[in-house]
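Here are some short exercises to help you find your way around a new structure. Try each task yourself before reading the solution.

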Amino acid sequence: MTETRANYVNGEWVSSETGETIDVENPANPSEVVARYQQSSAADAAEAVDAAVDAQDDWATTPGPERGRILREAGTILQERKEELTDSLVAEEGKARPEAAGEVQRAIDIFHYFAVKAADLGGTTKSPSVRRKNLYIRQEPVGVAALVTPWNYPIAIPVWKLAPALAAGNTVVLKPASQAPGVVLDVAEALDEAGLPDGVLNVVTGPGSTVGNEFIENEGTDAVSFTGSSHVGEMVYEQATDAGKRVQTELGGKNPTLVTDSADPAEAADIVATGAFGTTGQSCTGCSRAIVHEDVYDDFVAELVDRAESIDVGPGNDHEMGPQASESELEGTLDYIEIAKDEGATLAAGGGRPEGEAVEEGYYVEPTVFTDVESDMRIAQEEVFGPVVAVLKVSDFEEGLTVTNDVDYGLSASVVTDDHTEANRFVDEAEAGVVKVNEKTTGLELHVPFGGFKRSSSETWREQGDAGLDFYTIEKTVYDNY
Ligand code: NAD
């Protein structure tokens, strides 16, 4: 029988007052319902905020090392359950197994990282201008943090918000995306078992327009951290700032890899293919534009097409590339493939649903390459969120830089080059929050800041590493005369 999972509010597992649930299907086999989740209301969300408000003072004054102990213990529990969590990610989101296992490990590592940070937090001391005075700056928690997260990294993204929020002494209300919420409830279970006090974390599943909206509007929440599409994120930003809250939004991308004339076409094709087709093209940092010098263009395209056509597509447990996460995501990708054809781009690989027994049922799409793409085409400007890469030809490095920046987004950008000067110019001039030399646009280290420029981010605060703690802390300056 299909399991029905409850919300986690004030340390209890509770059903929604609506009595309604939502089914999550397996994108590799949509007739299989993986689990049912609460289709919660604004009233359920408000109850969660009340619990977080009530728990705030006590958690804020819990010693940092004790908060860190709970985070470490939760990470250890998740490590013991890594196989189950990986199964859940493959079944709900459709990820290929190694990608799912890597994402679960990232969440575990983030808990362990912020467990140490929780003990280190405190502030700084400065030399005062007079004798017999202590002058110091304390870092205090902001209060109740509202976290709203997307489906594409269903465990890593909630945890990279949750762990610094808890480490710094905030209480949390969290709404995961409806496509793959199971792993967030597993995280809540691990924190509960690790001894997290009641009300410190509250997870409510349901629609963004009711649960997410209530978290943002409710006067009990002090800070809003949102990751998702630019369209929704920009509305959330306005709404949260109008309500006087601290807000960060991390949004979509249209990430380029610039391939210069000194690049080895085979190496460049490896970098672009892994960036574009990894996680079925469903990464915010996924490569969706290859901007290629005309001298290496033909060789590069041949190598890239070869890689696209050799990817083994099928159920994530035993294939290299899994399905898209839902029917609407698949339709979105297929629509963009038609748009690119209508715009006059040349379809060089893929372009449709794959054939074969293994892929009959799920939301599969072929790894797709378009060539002869011009920068003003929609396929070169808009986020596709599927395994589709547009190849644009440029005649020199300067034009390559111009095309790199010729989009509204600015999340991740990479260059493939043997020329040190070009590499440095790219680092200087690429308008992106993450810039890489001779590496794919995807893949992040957990201990350095992450965030975008332009429409990819509110550009207010960064996530991850030390920067990740800044959003969840506020400074108090103390002048203590004695
Ligand atoms: P989405 O914007 O549709 O949804 C994100 C979350 O917001 C979900 O939990 C959703 O339920 C909620 N939501 C929807 N409407 C809301 C509303 N009116 N009020 C409050 N909450 C609301 O995004 P998605 O489809 O889940 O995720 C894919 C998008 O996320 C892509 O654009 C991708 O680039 C982006 N993304 C960005 C990053 C980053 O760090 N920059 C990371 C991962 C994904």
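**Exercise 1.** Decide whether Lys-95 is buried or exposed in this predicted model, and find its salt-bridge partner.

*Solution.*
- Start with the cut-off: a residue counts as buried when its relative accessible area is under 20%.
- Lys-95 has a value of 3%, so it goes down as buried.
- Now look for the partner, which is Glu-93; the closest N and O atoms of this salt bridge are 3.8 Å apart.
- That just fits, because a salt bridge needs the nitrogen within 4 Å of the carboxyl oxygen.
- Check Glu-93 too: with a relative accessible area of 3%, Glu-93 is buried.

**Exercise 2.** Work out which parts of the chain are linked by the salt bridge between Arg-455 and Glu-234.

*Solution.*
- First, the contact: the side chains of Arg-455 and Glu-234 come to 2.8 Å, N to O.
- Next, place each end. Arg-455 belongs to the loop between β21 (453–454) and α15 (465–470), while Glu-234 is part of helix α8 (residues 230–242).
- The two are 221 residues apart, so this pair ties together distant parts of the chain.
- Last, the accessibility: Arg-455 comes out at 31% and Glu-234 at 32%. Arg-455 is therefore partly exposed, and Glu-234 is partly exposed as well.

**Exercise 3.** Find where Arg-307 and Glu-303 lie, and how many residues apart they are.

*Solution.*
- Both residues are in helix α10 (residues 294–310).
- They are four residues apart, or about one turn of the helix.
- Their side chains form a salt bridge, 2.9 Å from N to O.
- Compare the accessibility labels: Arg-307 is buried at 17%, whereas Glu-303 is partly exposed at 28%.
- Salt bridges can also share partners: Arg-5, Asp-186 and Glu-189 are joined into one network that way.
- For the full tally, the structure has 22 salt bridges.

**Exercise 4.** Locate the patch of negative charge on the surface, then zoom in on Asp-396.

*Solution.*
- Begin with the members: Asp-261, Asp-264, Glu-267, Glu-294, Asp-295, Asp-396, Glu-399, Asp-418 and Asp-419 gather there.
- Pick out Asp-396, which sits in the loop between β17 (388–394) and α13 (397–404).
- Its relative accessibility is 36%, so Asp-396 is partly exposed.
- That agrees with its place in the patch, because patch residues need over 30% relative accessible area.

**Exercise 5.** Name the places of Thr-279 and Lys-454, two residues with a positive phi.

*Solution.*
- Take Thr-279 first: its phi is about 50°, a positive value although the residue is not a glycine.
- You'll find Thr-279 in the loop between α9 (265–277) and β14 (287–293). At 11% relative accessibility, Thr-279 is buried.
- Now Lys-454, which is no glycine either and has a phi near 50°.
- Lys-454 lies in strand β21, and its relative accessible area of 27% makes it partly exposed.

**Exercise 6.** Compare separation along the chain with separation in space for two pairs, Phe-426 with Val-437 and Gly-350 with Ala-268.

*Solution.*
- Phe-426 and Val-437 are eleven residues apart along the chain, and 8.4 Å separates their C-alpha atoms.
- Phe-426 itself is in helix α14 (residues 420–429). Its relative accessible area is 0%, so Phe-426 is buried.
- Gly-350 and Ala-268 are 82 residues apart in sequence; in space, the C-alpha distance is 19 Å.
- Gly-350 falls in the loop between β15 (346–349) and β16 (368–371), and at 30% Gly-350 counts as partly exposed.

**Exercise 7.** Now step back: how many helices and strands does the chain have, and how compact is the chain?

*Solution.*
- Count the elements: you get 15 helices and 22 strands.
- The radius of gyration is 23 Å, close to the 23 Å that the globule rule gives for 482 residues, so the chain is as compact as a globular protein of that length.
- For the outline, picture a box of roughly 75 × 65 × 40 Å along the principal axes, filled by the C-alpha atoms.
- Finish with burial: 58% of the 482 residues are buried.

Definitions and conventions. Residues are numbered from 1 along each chain as its sequence is written. This is a predicted model: local features need pLDDT of at least 70, side-chain atom pairs count only at pLDDT 80 or more; totals for chains, interfaces and linings use all residues. Side-chain values use heavy atoms; hydrogens and water are left out. Patches are made of residues with over 30% relative accessible area and no salt bridge: like charges are joined within 9 Å, nonpolar side chains (Val, Leu, Ile, Met, Phe, Trp, Tyr) within 5 Å. Accessible areas come from the Shrake-Rupley method with a 1.4 Å probe; for residues, only the protein chains shown count as cover. Lys and Arg count as positive and Asp and Glu as negative; His and the chain ends are not counted. The place of a charge is taken as NZ of Lys, CZ of Arg, CG of Asp or CD of Glu. Buried means under 20% relative accessible area, exposed over 50%, partly exposed in between (1.4 Å probe, protein chains only). The radius of gyration is taken over C-alpha atoms; the globule rule is 2.2 Å times the number of residues to the power 0.38.
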